Amino acid sequence: MRTSPFWTSSTRSRKGKSSPRRDSKVSALKVWCRGCDRAAVEDCLDLGHVLCSLRKVRSEQVQPRLQQLGHADSDTDKMVESLEHAKDAVEGLLQFWRDMQRQVKQARRELLAAVDEGGDLEAGQPEGLQQLQDAASLLEGMECGLRHQGGTEWRGDLGASRSLLNALVLHLHRHGRIHKDAFQPQPAVAAPPPAADRIQELKLGSLSWTAAGSEQQEKAATLARVRQHGVRRMTSVGCHRDPAWALDVLRSAAPTLEELSVWYPRQEHLLAAHAMPALRRMDVYCGDGALDAQPPSLPALPRSALKWLRVAGLPRPALASLLRAHSASLEELWLHVGTPGGGQWPRGCDDLDALLGQCGLRVSRVVLWRGYVTHSPSACTAQVSAVRRVLPAATVQCYECEEVAWEAF
């Protein structure tokens with residue numbers, strides 16, 4: 001009898017069937033059967049299944065995390081190097097302003113002494129006073145925003161970290177990297193195009209899924225049409241392939257847009273859609289995990305018109321802020337979420353009632369959409385009952401259990 005590459009002949013029973021003794025030896029060798037998706041037995045080899053080491057399987061399972069950690073390792077190196085350079089720049093800047101501080105104090109003492117002693121009142125004036133005054137006024141009245149070259153806008157409360165921003169501004173000011181511009185009045189915001197000229201529906205699916213730099217003429221023409229005529233309904237807007245162009249389209253459509261279907265938005269796209277003043281219906285799909293690392297927090301709005309919302313894949317903190325901002329107007333919510341015990345959000349959710357209960361919702365209907373997430377009938381019953389308790393005025397349904405008809409957008 002020939003010896004297999006994984007087992008010795010002593011592991012086969014006399015009847016040619018798998019024995020507990022043989023299987024235990026196979027498991028001890030940590031061989032995995034890809035066909036059976038479990039620890040291999042000798043029959044797996046006889047049946048021609050694909051085998052590999054358990055270590056290879058485990059390595060494949062963690063490959064996304066290893067790749068993420070590899071990127072993080074490179075990013076932290078960049079951050080540390082950047083801060084080391086910043087430290088050197090700040091130390092040089094601090095020395096410059098300490099020298100200026102000593103000169104100013106000395107000049108002030110000498111001028112007071114000249115007054116008392118009848119000395120030269122014009123002597124001892126330090127150089128750079130105008131630069132000092134400009135820098136001080138810049139810090140006192142400074143309002144800053146950041147725009148990434150891809151179009152992303154960053155906002156935030158500086159709080160106690162303002163001193164770091166001050167250091168940056170002083171550094172730029174000292175080296176002439178920032179300067180004053182003469183005041184120019186901003187043009188008035190154009191009124192929305194007349195409703196009669198408005199584009200009723202614009203499907204951007206195939207165009208918005210082309211990469212940046214491709215189909216430039218068609219993209220420019222589409223953007224020009226939206227800016228000239230406005231649009232009432234826009235569907236299948238993919239944001240991940242050409243983010244800057246997609247953001248321009250969303251911002252240009254904002255004054256007139258009432259219905260929007262958006263796929264794979266980044267933070268800037270979500271913020272643009274979130275703030276649309278006339279938006280009544282929105283379908284959001286975030287299935288690529290791009291927002292998971294730093295979930296955006298959507299700000300409160302002075303008023304909202306959103307009535308119908310279907311959302312899938314949005315990180316939990318972003319979802320909560322979105323629901324809170326539109327709680328006063330929202331009437332119907334379709335939420336892609338799994339049942340308790342199903343794993344991480346949104347594949348599973350152990351406290352959906354607590355999540356929705358904190359958002360101040362006044363909805364009349366909630367549909368829990370279960371596609372490609374965990375769905376346990378018993379856990380579903382408990383979850384639906386819990387949501388009904390926190391939203392007593394709403395009809396709460398499970399898409400699977402109650403065979404709810406799909407509502408096309």
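In this short talk I will go through some strands, a helix, two cavities and two single residues of the structure above. Please keep in mind that the model is predicted.

Let me begin with the small sheet in the early part of the chain. It is an open sheet of three strands in the order β2-β1-β3, and its pairing is antiparallel. The strands β2 (38–39) and β3 (51–53) stand at the edges with a single partner strand each, so one side of each is left without a neighbour in the sheet. If we look at one of these pairings, strand β1, which covers residues 31–33, is joined to β3 in the antiparallel sense over three bridges, and within that pairing Cys33 stands opposite Leu51 in β3.

Now let us move along the chain to strand β7, residues 231–238, which is mostly covered, since six of its eight residues are buried. On one side of the pairing, strand β6 (residues 199–203) runs parallel to β7 and is connected with β7 over four bridges, and there Glu201 has Arg233 in β7 as its bridge partner. Strand β7 is also joined by four bridges to strand β8 (residues 259–263), again in the parallel sense, and here the bridge partner of Gly238 is Trp263 in β8. To get from β7 to β8 the chain passes through helix α9 (residues 243–253), and this β-α-β crossover is right-handed.

The next element is helix α10, and a fair question to ask is how many of its residues are buried. Seven of the eight residues of α10 (residues 267–274) are buried, so the helix is largely enclosed by the rest of the structure. The buried ones are Glu268, His269, Leu270, Leu271, Ala272, Ala273 and His274, and what covers them includes α9, β8, β9 (281–285) and α11 (316–325).

Staying with β9 for a moment, I would like to point to Arg281, which has its place in that strand. Is Arg281 buried or exposed? Its relative accessible area is 18%, and because the cut-off for buried is under 20%, Arg281 counts as buried. If we leave aside the neighbours within four places in sequence, Arg281 is in contact with Glu258, Glu259, Leu260, Leu306, Trp308, Glu407, Ala408 and Phe409.

We can now turn to the empty spaces, where a search of the whole structure finds two cavities of 30 Å³ or more. The largest cavity holds about 40 Å³ of space, and the residues that line it are Ala273, His274, Met276, Leu279, Leu301, Arg303, Ser304, Ala305, Leu306 and His326. By class, that lining has six nonpolar, three polar and one charged residues. Two residues of this lining, Ala273 and His274, have already come up among the buried residues of α10, and Leu306, which also lines the largest cavity, is one of the contacts of Arg281. The second largest cavity has a volume of about 30 Å³, and its lining includes Pro265, Cys286, Asp288 and Gly313, with a division into five nonpolar, two polar and two charged residues.

The last strand I want to discuss is β11, which is mostly covered, as five of its five residues are buried. Glu332, Trp334 and His336 point one way from β11, while Leu333 and Leu335 point the other way. This is a pattern to remember for strands in general, because in a regular strand the side chains alternate between the two faces of the sheet. Strand β11 is joined to strand β10 (residues 308–312) by four bridges, and the two run parallel; in this pairing Leu309 stands opposite Leu333. Together, β10, α11 and β11 make a right-handed β-α-β unit. Five bridges join β11 to strand β12 (residues 365–369), and these two also run parallel, with Glu332 having Arg365 in β12 as its bridge partner. The chain crosses from β11 through α12 to β12, and this β-α-β crossover is right-handed.

I will finish with a residue in a loop. Gly343 lies between β11 (332–336) and α12 (352–357), which places it on the path of that last crossover from β11 through α12 to β12. With a relative accessibility of 49%, Gly343 counts as partly exposed, because exposed would require over 50%. Gly343 and Val373 are 30 residues apart along the chain, and their C-alpha atoms are separated by 9.3 Å.

Key
Residues numbered from 1 in each chain as written. Predicted model: local features only at pLDDT ≥ 70, side-chain atom pairs only at ≥ 80, totals over all residues. Heavy atoms only, no water. Buried < 20%, exposed > 50% of the residue type's maximum accessible area, 1.4 Å probe, protein only. Pairing = 2+ DSSP bridges. Right-handed = clockwise from strand over helix to strand, strands pointing away. 1 Å grid on protein atoms, 1.4 Å probe; cavity = no way out; pocket = protein on both sides within 12 Å on 5 of 7 lines; lining within 4 Å. Points joined across faces, edges and corners; volume = space filled by probe spheres on them. Nonpolar A, V, L, I, M, F, W, Y, C, P; charged D, E, K, R; others polar. Contact = heavy atoms within 4.5 Å.
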